[in-house]
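Trainee: Could you take one part of this model and go through it closely with me? I would like to see how the packing around it is put together.

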Amino acid sequence: MSFILQGIGVSEGIAIGHAHLAAPAALEVMHYLIPKHQVDKEIARLNAAFAAVRTEFEALQQSVVDGHARAEFSAFLELHLMILDDPTLSDAARDMIAQTHCNAEWALTQQMQALLLQFEEIEDAYLRERKADVVQVVERVLKAMMGHPGYLPIASKHTGDSILIAHDLSPADVMQYKQHQFVAFLTDLGSQTSHTAIVARSLNIPSIVALHHAHQLIQEDDCLIVDGTQGIIIVNPDRYVLDEYRLRQGQLELERKKLQRIKGIAAITLDGTPIDLYANIELPEDIAQVKEGGATGIGLFRSEFLFLNRDDLPGEDEQFEAYRTVAVKMHKQPVTIRTFDLGADKNLKGSTQVAANPALGLRAIRLSLAEPRMFHTQLRAILRASKYGDVRILIPMLSNVSEIDQTLHLIEYAKQTLRDDKIHFDEHIKVGGMIEIPAAALCLDMFMRKLDFLSIGTNDLIQYTLAVDRIDDTVAHLYDPLHPAVLWLVSHIIQSAKRAEVPVSICGEMAGDKQFTRLLLGFGLQQFSMYSAQLLTVKNQILKSHLPDIVPLSQKILKADHPEKMATLLARLNDGV
Ligand code: PEP
Ligand code: MG
C-alpha cells in the first residue's frame, strides 16, 4: 500500500531506497491480558525470543573468535549472555505470565523494572551502571518477540540504498551513524534545530524529523522516497511517482555539480564586500567535507562531541591531538574551538542527573565552571594546539559577565601551568563568546569589553528569546527565526559589534539557510559559519547580492509588524535585486 508521511525536513535533497528500522522503541510495549488456555503458548513465545537472542549472541561471539570484532566487544557479549541466562530475569517473567496472564512483553518489562530498582540500591558504582546492560538485553528480547532484526544496527541487506528510520535518537546516537552508509535519515521525534537534527544534517543526506509514527507505519524493506526539502516520505510509491522523483533527483545532482564551479572563488558581493564563509564541525574527520565546501576557516568546532559515546573522558593528550589535527589541516586559517557545551541534550554516557529544565540548567560554560578540572584539561589541550595554527577559544552560553571573568582567569591559570611545563602555545590566543542568551545580547557592551570576538548562536537565541524548547516538536511551529524579537536581537548584536569593532559571526543554523543569507548581509553580517554542505549554496547567494540594494529592504523587514508583510518583503529581497 502506498501512503505519504509529513514531517520536518531538516536536510534537503531526494533519496530513494529501502527502509531499515533501527533501534525501535522496544520498551514501549503493549499491555494486555491473555486467555488462560493461551498461557503456555505465551510462555513458549517468550522462550523462543530468549533462544533467538542467545543464538544471535553466540553468532556474534563467533565473529569475535574469528577476529572480526574487538576484545572489549567479547567481554560485553559475555556479560549480556550472563544477563540473558539469569533466572531472575527469565524465570520471573515466565511466572508472571502464568500467574497474572499478562502478555510476555509486559511481563518482561515489569521484571526489568523490578531488577532496575534493585540495582539502584547497590553501592558499587560499577555494578550499578550495569543497569544499562539489563535494559539492552531486555530490548533485544523484546525486539525478537516483535520480529525485528539483528543486534548490529546496520544489517540491512540493501547496502547502498538503506534509509535509516528511528523513533528517537540522541545526538550521540547519530554520531555513530557518521561511519555508516545511508541515503537518508528519518526520525519520529525531533525538530529543526535539535542537536540530533543538526548532526543528521552534517551527514549530508536528506533527513526528516518529527514524523510521529513513521517507525510504526513503515515496515523493514519498504521502498521509500524521501524528499528532505518538502519534509515528506512516499512509502511504496508506484512506478510513475518513482520515475518523477528519479528525474528530480537527477536535476538536483546536476545543480549540485554546477555549484562546484564556485568552490575556488572568493565570497565577495557584487559591490565588492568580502564575506568569510566558515564551517561548523563536530570531529576532526569532518575536515574532508570542509575542504569540499571550500570553507576558509572553522567557525565552530563543537568540541563536546569528543566527549560522547564513551565511558571515560578524553584526556589532555587525546584532545590536544584532535585540536592539533584540525589546526594543522586548516593551514593557519581560523579554527574556533568551542569549549564543551555538554548538558541539555548532549550528556556524558552514564550521566544520571535529570534536571527539570535541562536547557536552563547546568549546561555549557555553567558546567565547565562547575567542573574546573575537566575544564582545565580542555583548556590546556586547546592552548597546546594553538601553537599549530590560528586557534581561538569560544565560550558557549554566556549569560553573565562574571562567567567571562572566571573563564579568563582559568585560561590564564592553564597558560601558567604550560609555561611552568615549558610547553609552547599562542600567548595571544583570542577568546570569544557565544551570544545565544537574550541577556547577553541586551548587555552586549559589557561582554564586548572582555571578549576578542562574538559568535551568535541563533539556535539557542531563538529558543531562549521565544521560550520554545528547540527539541520539542510539539512547539516546533512556534520556533520562528523571523520573529521580530529575534531579528531585532540579531541585528542589534551585529550593529553593536561593528560599532565596537569586535568581529562577529553567526554559527547557528540561520547562517546556513539560504533564505536568510541576504537578510543577514543586509543587517551587516560579514562572517557566516555553517555545515560544509551548505557553504556553496550560501556562497552562490552572496555572489549575486548587492549590499546597497539589500540594506534598505532588510531594514524594512526588521520593522515589519505582520508575518505576511514580512514574508512578502523577504520574498522580494531573495528574488529581486
Ligand atoms: C547555537 O545555539 O546556535 C549554536 C550554534 O550552538 P548549538 O546549536 O550547538 O547549541
Ligand atoms: Mg547553542
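Mentor: What follows starts from one strand and works outwards to the core, the domains and the metal site.

This is a predicted model, in which local features need pLDDT of at least 70 and side-chain atom pairs count only at pLDDT 80 or more, while totals for chains, interfaces and linings use all residues. Residues are numbered from 1 along each chain as its sequence is written, chains are lettered from A and ligands numbered from 1 in the order in which they are written, and side-chain values use heavy atoms, with hydrogens and water left out.

The part to look at is strand 16 (residues 527-530), which is covered on both faces, with Gln-527 and Ser-529 buried on one side and Phe-528 and Met-530 buried on the other. Buried here means under 20% relative accessible area, exposed over 50%, and partly exposed in between, with a 1.4 Å probe and protein chains only. Strands (E, at least two residues) and helices (H or I, at least four) are DSSP runs numbered from the N terminus. In a regular strand the side chains alternate between the two faces of the sheet.

Strand 16 pairs in the parallel sense with strand 9 (residues 276-281) over 4 bridges, where pairing requires that DSSP finds at least two bridges between the strands. Within this pairing, Met-530 of strand 16 is the bridge partner of Ala-279.

Phe-528 touches, among others, Ile-275, Asp-276, Leu-277 and Tyr-278, as well as Ile-506 and Val-538, leaving aside residues up to four places away in sequence; contact means heavy atoms within 4.5 Å. Together with Ile-298 and Leu-454, Phe-528 has the most contacts inside the largest nonpolar core, which has 108 residues. Such a core is a set of buried Ala, Val, Leu, Ile, Met, Phe, Trp, Tyr and Cys residues joined through side-chain atoms within 4.5 Å. Because domain 1 (3-23 + 152-257) and domain 3 (264-574) both give residues to this core, it lies between them; the domain bounds come from an automatic or database assignment. A second, separate core of 32 residues includes Val-53, Leu-77, Leu-89 and Met-112.

Turning to the metal, the protein donors of the magnesium ion (ligand 2) are Glu-436 (OE) and Asp-460 (OD), at 2.0 to 2.2 Å from it. Donors are N, O and S atoms within 2.8 Å of the metal (3.2 Å for Na, K and Ca), and since water is not among the atoms, sites may look incomplete. Glu-436 is buried at 1% relative accessible area, and Asp-460 is buried at 2%.
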